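Please read the following explanation alongside the sequence and the model, taking the strands, the turns and the backbone details one after another.

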Amino acid sequence: MSSNGYQWVPVGTTPPAPVSTNEYQRCPRCPTGVRSEFVVKTANAGAGALSVTIDGPSKVTLDCVECAEGHRITYTPMAPGNYLISIKYGGPHHIVGSPFKAKVTGKGGTVVPAALGGHSLHETSSVLVETVTRGARGPPGFGTLPKFSSDASKVVARGPGLSTAFVGQKNHFTVDCSKAGSNMLMVGVHGPKTPCEEVYVKHVGNRLYNVTYTVKEKGEYVLILRWGDDSVPGSPFRVTVP
């Protein structure tokens with residue numbers, strides 16, 4: 001545990017660095033409704049998708065920001081009880097020590113992660129981040145990027161493909177960015193094991209987009225929509241392929 005009070009969660013070390021139960025019991029304490037945080041160290045793990053899911057009695061306000069060591073995860077539990085924190089990197093496999101369990105109590109305001117045991121899970125919150133290898137050499141940069149004026153909160157996404165998809169079919173939805181200013185639409189779909197094989201985005205005019213994608217296996221998918229650097233309302237979406 002670092003001097004600034006963060007819990008460090010290593011990823012991709014060789015051999016994997018264990019995270020002991022004792023280290024988690026020394027985490028900072030805070031009451032229900034107050035933000036807690038930990039750091040997932042991905043700086044030396046190469047490129048991959050970082051997935052953090054928190055299951056518990058209530059949805060949590062969940063956020064992920066890049067930092068020097070990797071990614072800082074912050075979450076705010078809104079109800080007391082047991083919360084299960086699952087951390088995956090580069091695919092469907094948990095990192096060392098995951099899933100972790102946090103016990104949130106209302107009175108006295110303590111957050112005490114402990115050993116896995118009985119729990120009652122009702123709500124799920126998740127965040128998915130595509131990371132890149134730091135320091136990797138590539139083609140020359142574009143230089144100074146143009147400045148966009150946009151508001152991702154005004155983007156409206158609708159359509160059946162945001163919740164359900166079918167193997168071997170073209171699944172679709174629309175994204176209306178006409179009132180959200182100028183920027184670029186980013187779309188990503190990740191399946192149970194690998195990213196979606198084909199995603200097609202077509203601008204039909206006036207910042208209206210038709211998006212189609214195909215899947216080859218059943219399971220749960222994560223669909224991310226961003227207008228520039230910001231997620232649109234509802235993103236990430238959970239897509240079920242029956």
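**From two cis prolines to the sheet**

Pro-99 is placed in the loop between strand S6 (81-89) and strand S7 (100-104), and in this predicted model the peptide bond that joins Ser-98 to Pro-99 is cis, with omega at about 5°. A second cis peptide bond leads from Ser-235 to Pro-236, where omega is near 5°, and Pro-236 is likewise found in a loop, here the one between strand S16 (230-231) and strand S17 (237-241). These bonds deserve a look in the model, given that most peptide bonds are trans.

With these two loops located, the overall make-up of the chain can be considered. The chain has one helix and 17 strands, and of its 242 residues 38% count as buried. Among the contacts in the chain with a separation of 6 or more, 66% are accounted for by residues that stand 24 or more positions apart. The accessible surface of the chain comes to about 13300 Å², and 53% of this surface belongs to carbon and sulfur atoms.

The pairing of strands can be followed at two places, beginning with a hairpin. Strand S4 (residues 60-66) pairs with strand S5 (residues 71-77) in the antiparallel sense, over seven bridges, and one of the residues of this pairing is Val-60, whose bridge partner in S5 is Pro-77. Four residues lie between S4 and S5 in this hairpin, and in the turn Gly-70 has a positive phi of about 160°.

The second place is an open sheet formed by four strands, which follow one another in the order S10-S11-S14-S13 with antiparallel pairing. Its edge strands are strand S10 (156-158) and S13, each of which pairs on one side only, and neighbouring strands of the sheet are turned against each other by 20° on average, with direction ignored. At one edge, S10 and S11 run antiparallel and are joined by three bridges; Arg-158 has Thr-174 as its bridge partner in S11.

What is the sign of phi at Asn-206, although it is not a glycine? Phi of Asn-206 is positive, at about 55°, and this residue is placed in the loop between strand S13 (198-205) and strand S14 (208-214). Because its relative accessibility is 57%, and exposed means over 50%, Asn-206 counts as exposed. Arg-207 is placed in the loop between S13 and S14 as well, and its phi is near 60°, again a positive value in a residue other than glycine. Arg-207 has a relative accessible area of 31%, and it is therefore partly exposed. As a background to both values, most residues other than glycine have a negative phi.

The last stop is on the surface, where Phe-148, Met-184 and Met-186 make a nonpolar patch of about 270 Å². Of these residues, Met-184 lies in the loop between strand S11 (171-176) and strand S12 (185-190). Met-184 counts as partly exposed because its relative accessibility is 44%, a value that falls between the limits of 20% for buried and 50% for exposed. The patch can thus be located from S11, a strand that also belongs to the open sheet described above, by following the chain into the loop that holds Met-184.

Conventions
Residues are numbered from 1 along each chain as its sequence is written. This is a predicted model: local features need pLDDT of at least 70, side-chain atom pairs count only at pLDDT 80 or more; totals for chains, interfaces and linings use all residues. Side-chain values use heavy atoms; hydrogens and water are left out. Two strands pair if DSSP finds at least two bridges between them. Patches are made of residues with over 30% relative accessible area and no salt bridge: like charges are joined within 9 Å, nonpolar side chains (Val, Leu, Ile, Met, Phe, Trp, Tyr) within 5 Å. Accessible areas come from the Shrake-Rupley method with a 1.4 Å probe; for residues, only the protein chains shown count as cover. A salt bridge is a side-chain nitrogen of Lys or Arg within 4 Å of a carboxyl oxygen of Asp or Glu. Buried means under 20% relative accessible area, exposed over 50%, partly exposed in between (1.4 Å probe, protein chains only). Axes are lines fitted to C-alpha atoms, for helices over the stretch in contact, and angles run from 0 to 180 degrees between N-to-C directions. Contact means heavy atoms within 4.5 Å.
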